Amino acid sequence: MTRALVRRPGPRLPEGLLTHLERSPVDVDLALRQWEGYVAALRAEGWDTVEVPAADDCPDAVFVEDTVVVYGDLAVISRPGADARRAETAATEAVLRDLGFRIARIEAPGTLDGGDVLKHGGTVWVGLGGRTDRDGADQLAAHLAPMGATVVPVPVTKVLHLKTAVTALPDGTVVGHEPLVDDPATWERFLPVPEESGAHVVLLGGDAVLMAADAPLSRALFEERGLRVVAVDISEFEKLEGCVTCLSVRLR
Ligand SMILES: CN(C)C(=N)NCCC[C@H](N)C(=O)O
């Protein structure tokens, strides 16, 4: 079964944290319609979506990816690097527990955001930067080692999260917008993309990827490689340093 966690945006979305961008007005109604479009796109591709109850007091709760790292049947509940986001994890934990996942946690003083964790084929790259520290990465490595995963820490200095800089295509090629990637040589197969949001793909299964609608040149590159692209408009979330990966957690 293919399922994905999602979390509805709340009325305080425009107050979401910003680190690298200037604040610009966020249209809450448009954001909700865009979120519904995102969820509909997942469903149309065969994903059952499970809603973590909304957290209207937490402006950034819609970015559910940051609250957990799921690996097989294990859910490692994060300890977000931003204090303001710590309250978001409890509801994610409750939902995953109910779904039958084993639960582990990143404990204080370590910090780790799910957006800093890129998994592909048994390797787990963890971005060390403003949100995730060495202790958090070490704790994640200890939780995942019994499952055969290798954690590779990598620096993140130019953007918020590792997955703001890079994600992986279905064949493991890592895609990134070079000016925002600390060290493209980290990955044996690295494909530079011309747009910042072209660096963000959600793997939908097979050769299908979900990406933002505002990266047509990157989309064309992916299509030339034989990928089927589903594009969604997420402009209101991009204003808050979000991207397509942040809005869901795929459970396989
Ligand atoms: C891969 N990305 C970018 C994420 N997983 N999360 C984005 C969180 C954005 C939020 N305003 C914040 O600053 O926390």
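How many cavities of 30 Å³ or more does a search of the whole structure find? The search finds 2. The model is a predicted one, and the tour below starts with these cavities, then moves to the annotated site, the cysteines and the pockets.

**Stop 1: the largest cavity**

Select Leu17, Asp60, Phe63, Asp66, Arg85, Arg131, Leu160, His161, Leu240, Glu241, Gly242 and Cys246, which line the largest cavity. The space inside is about 90 Å³. Colour the lining by class and it divides into 5 nonpolar, 2 polar and 5 charged residues.

**Stop 2: the annotated site**

Keep His161 and Cys246 selected. An unreviewed UniProt entry places the feature "active site" at these two residues. They span 86 residues in sequence, yet their C-alpha atoms are no more than 10.1 Å apart, so they gather at one spot. Both His161 and Cys246 belong to the lining of the largest cavity.

Now centre on histidine 161. It sits in the loop that runs between strand 8 (150-155) and helix 4 (162-165). Is histidine 161 buried or exposed? Its relative accessibility is 5%, so histidine 161 counts as buried. Show the residues around it: with neighbours within four places in sequence set aside, histidine 161 is in contact with Asp66, Asp113, Gly115, Asp116, Arg131 and Val156. Asp66 and Arg131 will be familiar from the lining of the largest cavity.

**Stop 3: the cysteines**

Display the cysteine sulfurs next. The whole structure has 0 disulfides. For cysteine 243, the nearest cysteine sulfur is that of cysteine 246, 3.4 Å away, and cysteine 243 is in no disulfide. Since a disulfide here requires sulfur atoms within 2.5 Å, this pair does not qualify. Cysteine 243 has a relative accessible area of 4% and is therefore buried.

Move to cysteine 58. Why is there no bond from its sulfur to the closest cysteine sulfur? That sulfur belongs to cysteine 246 and is 16 Å away, too far for a bond. Cysteine 58 also counts as buried, at 12% relative accessibility.

**Stop 4: the second largest cavity**

Select Val154, Pro155, Val156, Leu162, Ala165, Val166, Val181, Asp182, Asp183, Thr186 and Trp187 to outline the second largest cavity. Its volume is about 70 Å³. Strand 8 and helix 4 each contribute at least two residues to this lining; they are the elements on either side of the loop that holds histidine 161. The lining has 8 nonpolar, 1 polar and 2 charged residues. Val156, one of the contacts of histidine 161, is part of this lining.

**Stop 5: the largest pocket**

Turn to the pockets. Select Val70, Lys119, Lys163, Arg250 and Arg252, which lie nearest the centre of the largest pocket among its 25 lining residues. The pocket has a volume of about 550 Å³. Which strands each supply at least two residues of its lining? They are strand 3 (68-71), strand 6 (117-120), strand 9 (166-168), strand 12 (202-205) and strand 15 (249-251). By class, the lining comprises 11 nonpolar, 9 polar and 5 charged residues.

**Stop 6: the second largest pocket**

The second largest pocket holds about 270 Å³ of space. Select Leu21, Thr164, Glu196, Glu238 and Glu241, the closest to its centre of the 15 residues that line it. Its lining divides into 5 nonpolar, 5 polar and 5 charged residues. Glu241 links back to the start of the tour, as it also lines the largest cavity.

Methods: Residues are numbered from 1 along each chain as its sequence is written. This is a predicted model: local features need pLDDT of at least 70, side-chain atom pairs count only at pLDDT 80 or more; totals for chains, interfaces and linings use all residues. Side-chain values use heavy atoms; hydrogens and water are left out. On a 1 Å grid over the protein atoms alone, a cavity is a set of points where a 1.4 Å probe fits but cannot get out, and a pocket is an open set with protein on both sides within 12 Å along at least five of seven lines; lining residues have an atom within 4 Å of a point. Grid points are joined across faces, edges and corners, and a volume is the space filled by probe spheres set on the points. Helices (H or I, at least four residues) and strands (E, at least two) are DSSP runs, numbered from the N terminus. Ala, Val, Leu, Ile, Met, Phe, Trp, Tyr, Cys and Pro count as nonpolar, Asp, Glu, Lys and Arg as charged, and the others, Gly among them, as polar. Buried means under 20% relative accessible area, exposed over 50%, partly exposed in between (1.4 Å probe, protein chains only). UniProt positions are given in the numbering used here, feature names are shortened, and annotations may be inferred rather than shown by experiment. Contact means heavy atoms within 4.5 Å.
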